Amino acid sequence: MIDAFRERLSRNRRPGSHITRPPRSLRQRQNLWAWIFLAPALVFFVTVLMYPTLRAFYISLFRWPLGAEVKTFVGIENYAALPHDALFLKSIKNTFLFAAGFIAPEIVLSMGLAILLNRKTTRLRGLFRLAFFIPVVSSSVAISFVWKWLFEPSQGLINYLLGFFQISPLPWLMHPKTALLSVIIVTIWQTMGFDVVIFSAGLQTIPNDFYDAAKVDGANAWQQILRITLPLLSPTTVLVITMDIIWALQVFTTVYLMTGGGTSPPGGPLNSTRTMVLHIYQVAFRSLRLGEGAAVSVVLFFIILIVTIIQMRLSRKSFEY
Amino acid sequence: MNRNISFMVFLVVISLAAVLLIGCGAEPVKEQPVTVTAEEQPTSEPTVAPEPAETEPAQSDVVEPQTVRYWSISGEPYEEEVANAFRTSYPDINLEYEVIAYDAYWDKLNAALESGVGPDAFMLPSPLVLEYVLREQLAPLPDSWVEELEQERLTWTITPLKIDGKYYGFPAGAGMRILLVNDDLLAEAGLEPESCPKDWNELSDYARKLTRRDADGNMTQAGLDMISQAYHLYGALMDQNIPGGPLLYTDGEIPKANYANEDGYETWEFINQLYNKDRVDDMMFIPDQYRFQIGKAAMMVSGFYQVAYVLSEEIPVNFHICPVPTPPDKPDSRGGRGDQWAYVVSASSENIKAAWDWVNYFASPESEKSISLSGYTMVTNKSLLNDPDLLAESFLAAGFDILPQIEAVPPGGGWDDIWYLHETVWEHIYLEAPEDTRPLVDELQKGADELYQEKYGEYYR
């Protein structure tokens, strides 16, 4: 049947076939409408995303003192200098440390919470979902300042609570060994609610029949999670991990506000929290070397691009149901 | 059908036009613009209203009012009073006085200058003037005003503004560093009331005696606040102890860093000793607060402006002002170096003359006196050094004692970029308690030389 249809279709496409193509004017009109409807998004994409991206690449080829009239073309000099820039290397290291320290606990916690909140036996699910999502919609600025006070070494709430467990006060944001960890804790707290929502949506797509069948087969709750939930949630997990990686590579506001202040440079102490975007900001807007800042931003763009390509490849893989 | 299509095409065109307009209409966002209408202008005589400069054309010749946008980081009420007085004296200049929060100042200023929508006049730290001049971003002071400037102002306040024989701004008050001492805590420690530590040894001695800890060894009172504004402390000590200061400048040459010498090593070693051996402060002790202002630190090295902040506290501490103690073998260095901002005019301003009129007015003796009395800042006009109204204010009088002993800070020192390098040494000291600070100072020297090469190298090739 299908073969017959294909044959008829291919015959109809031969030159001189009695079935004609749609009238040109209709196709043209369809194309026109397609472009008209696409145009706003296209204009937005080109002006707000494409142009700045290309412009950043263009600027990265210049010695570009921010605000000055004279810009000097230097080719790839800004890129060639990056491997010798200790602060740039430090910022890459910090960014990947941050991503590693942030993503694993973020995924485990948000997935666990989503599974708990997805259980029909859990009471006040709506309230908990709301509570976990509030930090997501809260101002990063306000969150950063509040947590900065919580981490305050001598009068902060966290050290006060640690005192009940006979734990000596920690310097948190004041020490290179704990500063990045402090930022990671805040970031997990702030963004976890979003991942919980995504995981919850993923959990809704898993048919209950699987769990019912597993129960009949004698699987306990833990086995159900391991054998059903986790495998079937893997497309969602890939998505969440990718989004978190991209987010982690672009972290700025929390670091800038929590580690800096009028009397200490952001990214400290001893550049232990200097991330790539913070480095871009410092170089471009504080040291006024826009060309070098743009070069770092292009590098970051390609890192994110690679991560996205990997994610697309992974998400194309079929998952066994 | 055709009518529907036409209508939808019309809608799409409109939406596209809106998107384009939004994208292209990059009007600068003004922060807290203060524009005063005729009705709002003060009806009484302004407190300050110097005559327009003689070099100006007759104001009546100008038909269209010229707009001068001025960006300030201060935002104190007295500045607005001066701005209102200027508007009264210069009705044909439309002054737009805008306050930009310091945290956003550099981003907004440099981005605005880059995109050609920057202010006509703005504030700049004196050490940054050289960089902006070399980048051709500042207009030089009219030649006819130079003689007056040199005669009327304290020399050290205008030295950093003179580049290659031309001046590029007016000093925004006389910035200087002082030691603030809490009288009540001094008395509690059994030290002589209203006394001042004279040299570094006495400073160390005072700070130790003024430090308090509880039974567990936790700090409850810092003898000397080193954490809140470390840059003032190490800045003052380096200025005093390093001959020529930490920056050497010659017109037409790349500035040279001057840290890695015996005096530089000694300075940082003294800071190391204060923090790690004398233990007069602790990074774990309410580090995010100005401890002196709330009575939790007995002494603090800061800028003179700090006086106004301390006095504005709800419960102001009882304190007095001292010169920053000198190195034992350099008693003549008690003033240190100036640390002030400047009022400058953008080279790309379309109303440069009007902008200079405003800057000249803002820095005039009358305005300076008004600002000084309201904000406890020091003056740069020599004519005000013996002003009875200013001398009647005890805090200002104490500042006047120190004022003539200050040396000029040379041009080209940088701002945040050099501060980051200084902070790195300081962070190593309070985090790692190094046995020897020389390697850190050597690293600072290397970093600063590279920085100055990077900043100025292409201009002085």
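This passage describes chain B, the nonpolar cores and one helix pair of a predicted model.

Chain B is a good place to begin. Its 461 residues include 55% that are buried, and its secondary structure consists of 17 helices and 15 strands. When contacts in chain B between residues at least 6 apart in sequence are considered, 75% of them link residues at least 24 apart. The accessible surface of chain B is about 19,700 Å², and carbon and sulfur atoms account for 52% of that area.

Turning to the interior, the largest nonpolar core comprises 136 residues, and B:Leu124, B:Leu224, B:Trp268, B:Met299, B:Trp358 and B:Trp426 have the most contacts inside it. Helix α14 of chain A (residues 290–316) supplies the largest share of this core, with nine residues. Once neighbours within four places in sequence are set aside, B:Leu124 touches B:Trp106, B:Leu109, B:Val129, B:Tyr132, B:Leu138, B:Trp341, B:Ala342 and B:Val344. Another core, of 42 residues, lies apart from the largest one and includes A:Val183, A:Ile198, A:Ala214 and A:Leu257.

Chain A also offers a helix pair worth a look. The axes of helix α4 (residues 86–118) and helix α11 (residues 234–249), both of chain A, come within 9 Å and cross at roughly 145°, in a right-handed crossing. On the α4(A) side, the residues in contact include A:Phe96, A:Phe98, A:Phe102, A:Glu106 and A:Met111, while those of α11(A) include A:Val240, A:Ile241, A:Asp244 and A:Trp247. By character, the residues of this contact comprise 13 nonpolar, two polar and two charged.

Conventions: Residues are numbered from 1 along each chain as its sequence is written. Chains are lettered from A and ligands numbered from 1 in the order in which they are written. This is a predicted model: local features need pLDDT of at least 70, side-chain atom pairs count only at pLDDT 80 or more; totals for chains, interfaces and linings use all residues. Side-chain values use heavy atoms; hydrogens and water are left out. Axes are lines fitted to C-alpha atoms, for helices over the stretch in contact, and angles run from 0 to 180 degrees between N-to-C directions. Helices (H or I, at least four residues) and strands (E, at least two) are DSSP runs, numbered from the N terminus. A crossing is left-handed if the near helix is turned anticlockwise from the far one by less than a right angle, and right-handed if clockwise. Contact means heavy atoms within 4.5 Å. Ala, Val, Leu, Ile, Met, Phe, Trp, Tyr, Cys and Pro count as nonpolar, Asp, Glu, Lys and Arg as charged, and the others, Gly among them, as polar. A nonpolar core is a set of buried Ala, Val, Leu, Ile, Met, Phe, Trp, Tyr and Cys residues joined through side-chain atoms within 4.5 Å. Buried means under 20% relative accessible area, exposed over 50%, partly exposed in between (1.4 Å probe, protein chains only). Accessible areas come from the Shrake-Rupley method with a 1.4 Å probe; for residues, only the protein chains shown count as cover.
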